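Q: I would like a close look at a single part of this structure. Please take it slowly, as I am in my first year.

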Amino acid sequence: MVPPKPNFTQLKPVSTDGPHITPPLLVHHGQLPKLHVYIDETGDRGFSAASRAQSPFFAMTALVVPQEDEWNVKITAGGLRAYVHGAQPQQLLKPIHWVEHFRPKRPERREHAARTLAMMPSAKVIHVIAHKDTVNSDDGMRQDKGVFYNYTTRLLLERVAYAAKEWPGGPRLAIVRLGLVKHMDHTAAEAALNDMRQDSSSSMWGVPWQHVSWPPTWEGTQRDGIQLADIHAGLLNAALSGDPADLRCAQNLLLCGHQLRRSSRGKLLGYGVKVIGSTEFVTNRCWWGDWKGQ
């Protein structure tokens, strides 16, 4: 006879001679409230001299939104599409892209996008930034774009896992969607990330991967959240591409600074902003203090 499966969602206290003590409620992680996580990238993954000159950094950005506020993602993306395509009503469903629709010659669009994103009250943002010139040369990332992408993604997903575990109001389960990457084997990327996840979860300081629904998926820009993550990544790109002494290049990024994930003590570096390579690539900029202090 097969014994009945235990019900872990509701445990009764064991009878004792003393006062009854109710154990903590154990809930399967699949029953936790959900977070919707949208991830996109900015910058080039190459390490050639030409690539480093054109794009000295590569970054990935996660936009994290509670499931109950997914309507805000749809309204925000729809509003930005209407703003961009207003003169062409037939284009209202066309996805918006930072590179195509928010070029430097359209500063008013960039500011409007930043102010619109900043009004999403429950959203959290996480950036992982790789400074190519100071990335270690002995870890394989300089030789293989796939290794570089996978490692950057892993660091981002680790922070998503912690954000889900420590979400205000109680733990959550993160549903992760990443933007499709050209000329990339996403099946191989999933396999590599799975290996990294298993390796880190077996260590003493295991990442709480149980708070990320696995595997993540790669989707196109038809997804509203991917479009918004692309704009957040674009705001970061504009700031990092500017002169480190120029505050103006980061003004729009700073508008969304309150959405960055921070530690319980308010620390930003390593939590909402992770740098691969020298942290000074970011922290030596004149606007870092304002970004960090929000």
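In which sense do strand β2 and strand β3 pair, and over how many bridges?

A: This is a predicted model, and what follows describes that model. Strand β2 covers residues 57-66, and strand β3 covers residues 124-131. The two pair in the antiparallel sense, over eight bridges. In general, the strands of a sheet pair through backbone hydrogen bonds, and the pairing can be parallel or antiparallel. One place to look for in the pair is M60, which stands opposite V128 in β3.

The pair belongs to a wider sheet. Six strands form this open sheet, and the order across it is β5-β4-β1-β2-β3-β6. In that order β2 sits between β1 and β3, while β3 sits between β2 and β6. The pairing in the sheet as a whole is mixed. At the edges stand β5 (217-219) and β6 (273-276); each has a single partner strand, so one side of each is left without a neighbour in the sheet. From one strand to the next, the twist averages 25°.

A helix packs on the sheet as well: α7, made of residues 224-241. Helix α7 touches both β2 and β3, and also β1 (34-43) and β4 (173-179). The direction of α7 makes about 40° with that of β1.

As for the setting, the chain has 10 helices and six strands. The chain has 294 residues, and 47% of them count as buried. Taking contacts between residues at least 6 apart in sequence, 75% join residues at least 24 apart. The accessible surface of the chain comes to about 15300 Å², and 54% of that belongs to carbon and sulfur atoms.

How values were computed. Residues numbered from 1 in each chain as written. Predicted model: local features only at pLDDT ≥ 70, side-chain atom pairs only at ≥ 80, totals over all residues. Heavy atoms only, no water. Pairing = 2+ DSSP bridges. Helix = DSSP H or I, 4+ residues; strand = E, 2+ residues; numbered from the N terminus. Axes fitted to C-alpha atoms, helices over the stretch in contact; angles between N-to-C directions. Contact = heavy atoms within 4.5 Å. Buried < 20%, exposed > 50% of the residue type's maximum accessible area, 1.4 Å probe, protein only. Areas by Shrake-Rupley, 256 points an atom, 1.4 Å probe, with all protein chains shown as cover.
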